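Q: I would like to learn how to read a few features of a structure, starting with a strand and going on to ring pairs and cavities. Could you take me through them one at a time?

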Amino acid sequence: MRSLFPVTDLTTSTPGGEVRAGRPTGREDREPGRAGHEDRDSHADRERSLGNREWSLDELAEAYAYPTGLPAEGPGSAWLRANMVSTLDGAAQHDGRSQPISCAADMRIFGTLRALADVVIAGAETVRQEGYRPARAREAFAARRAAAGQGPAPAVAVVSGSLDLDFSLPLFTGPLVPTLVVTGSGAPADRIAAARKAGAEVVIAGEGARVDPARAVRELADRGLRRQLTEGGPRLLGQFVAAGVLDELCLTLSPMLTAGDAQRIAGGPGVTVPERFTLASLLEEDGFLFGRYRR
């Protein structure tokens, strides 16, 4: 993996004056020396020094750290980021799932983003299609989470107006941290009772059967869940975008084409005026681009 933005000092000039990013292009790089092992070792050293290597989990955690200094309450007390993947032609899924358009590096970033969050927010359809399970504690992030005052693993919050969910699944019956169900005040009483019986915490964040996305963010923040991560799906992300509460988008651009009629990363009603985000960082590995965009 290598960093493309912000620009660093990893661009090297060749003896002939040509400038290329990522690795030198002199004669010594084209022809192996007599000491083959030494030549390979020096090439590996150059690759490591130039950043074209697998990043450690600590490096990814630093690259994707949440902003510091969030207020304890009130406006700006939560930071909502989204993590999505899209093909070159805009598909957020293939055959209803995101895994076929992902890659190993994308999954490492996916796991890192989860490990940094207080809560992972997902829509009911995404929970069903992707087979959501409880977030797990990871030893690699234990010290970092403890230093940030976080529990061993993030909570999962499922957004559903109807509560048409299978509460016998491990997501509800066996999480390390109780799963939250975010719904409206008009949700069926028997489904609310079923959620609570399964051990889920019910969060009311809307009137009637509708969940208000801005209120959902506030309600979770009021419970101390201020570092928020949504993994969609597209309809839920579209609601967060339309409500103007999305602070950051972590987008993996997959070098694939799928055609078809798959959903984009965000759906639902459009915004009146497009909101521009700023590129915060851009990483690359094996043709996949990993961008962070902030409002």
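**Reading strand, rings and cavities**

A: In this predicted model, strand β6 (residues 155-159) has five of its five residues buried, so the strand is largely enclosed by the rest of the structure.

Q: Which residues point one way from β6, and which the other way?

A: Ala155, Ala157 and Val159 point to one side of β6, while Val156 and Val158 point the other way, and all of them are buried.

Q: Which strands pair with β6, and in what sense do they run?

A: Strand β5 (residues 119-123) is joined to β6 by five bridges, and the two run parallel; within this pairing, Ile121 stands opposite Ala157 of β6. Strand β7 (residues 180-183) also pairs with β6 in the parallel sense, over three bridges, and there Val181 of β7 is the bridge partner of Val158.

Q: Turning to the aromatic rings, how many aromatic pairs does a search of the whole structure find?

A: The search of the whole structure finds two such pairs. For Phe167 and Phe172, the ring centres are 5.0 Å apart and the planes stand at 75°, so this pair is read as edge-to-face, given that planes over 60 degrees apart count as such. Both partners are buried, Phe167 with a relative accessible area of 9% and Phe172 with one of 3%. For Phe288 and Phe290, the centres lie 6.5 Å apart and the planes are at 15°, so the pair counts as stacked, the cut-off being under 30 degrees. Phe288 is buried at a relative accessible area of 7%, and Phe290 is buried at 1%.

Q: Which residue lies over the face of Tyr66?

A: That residue is Arg81, which lies at 4.1 Å from the ring centre of Tyr66.

Q: How many cavities of 30 Å³ or more does the structure hold, and which residues line them?

A: The structure holds two cavities of that volume or more. The largest cavity contains about 50 Å³ of space, and the residues lining it are Met1, Glu54, Trp55, Leu60, Ala105, Arg108 and Glu285, a lining that divides into four nonpolar, no polar and three charged residues. The second largest cavity contains about 30 Å³ of space; its lining is made up of seven nonpolar residues, one polar and no charged, and includes Val156, a residue already met as one of those in β6. The others lining this second largest cavity are Pro134, Ala135, Pro154, Pro175, Leu176, Val177 and Thr179.

Conventions
Residues numbered from 1 in each chain as written. Predicted model: local features only at pLDDT ≥ 70, side-chain atom pairs only at ≥ 80, totals over all residues. Heavy atoms only, no water. Phe/Tyr/Trp six-rings, centres within 6.5 Å; stacked < 30°, edge-to-face > 60°. Buried < 20%, exposed > 50% of the residue type's maximum accessible area, 1.4 Å probe, protein only. Lys NZ or Arg CZ within 6 Å of the ring centre and 35° of its normal. 1 Å grid on protein atoms, 1.4 Å probe; cavity = no way out; pocket = protein on both sides within 12 Å on 5 of 7 lines; lining within 4 Å. Points joined across faces, edges and corners; volume = space filled by probe spheres on them. Nonpolar A, V, L, I, M, F, W, Y, C, P; charged D, E, K, R; others polar. Helix = DSSP H or I, 4+ residues; strand = E, 2+ residues; numbered from the N terminus. Pairing = 2+ DSSP bridges.
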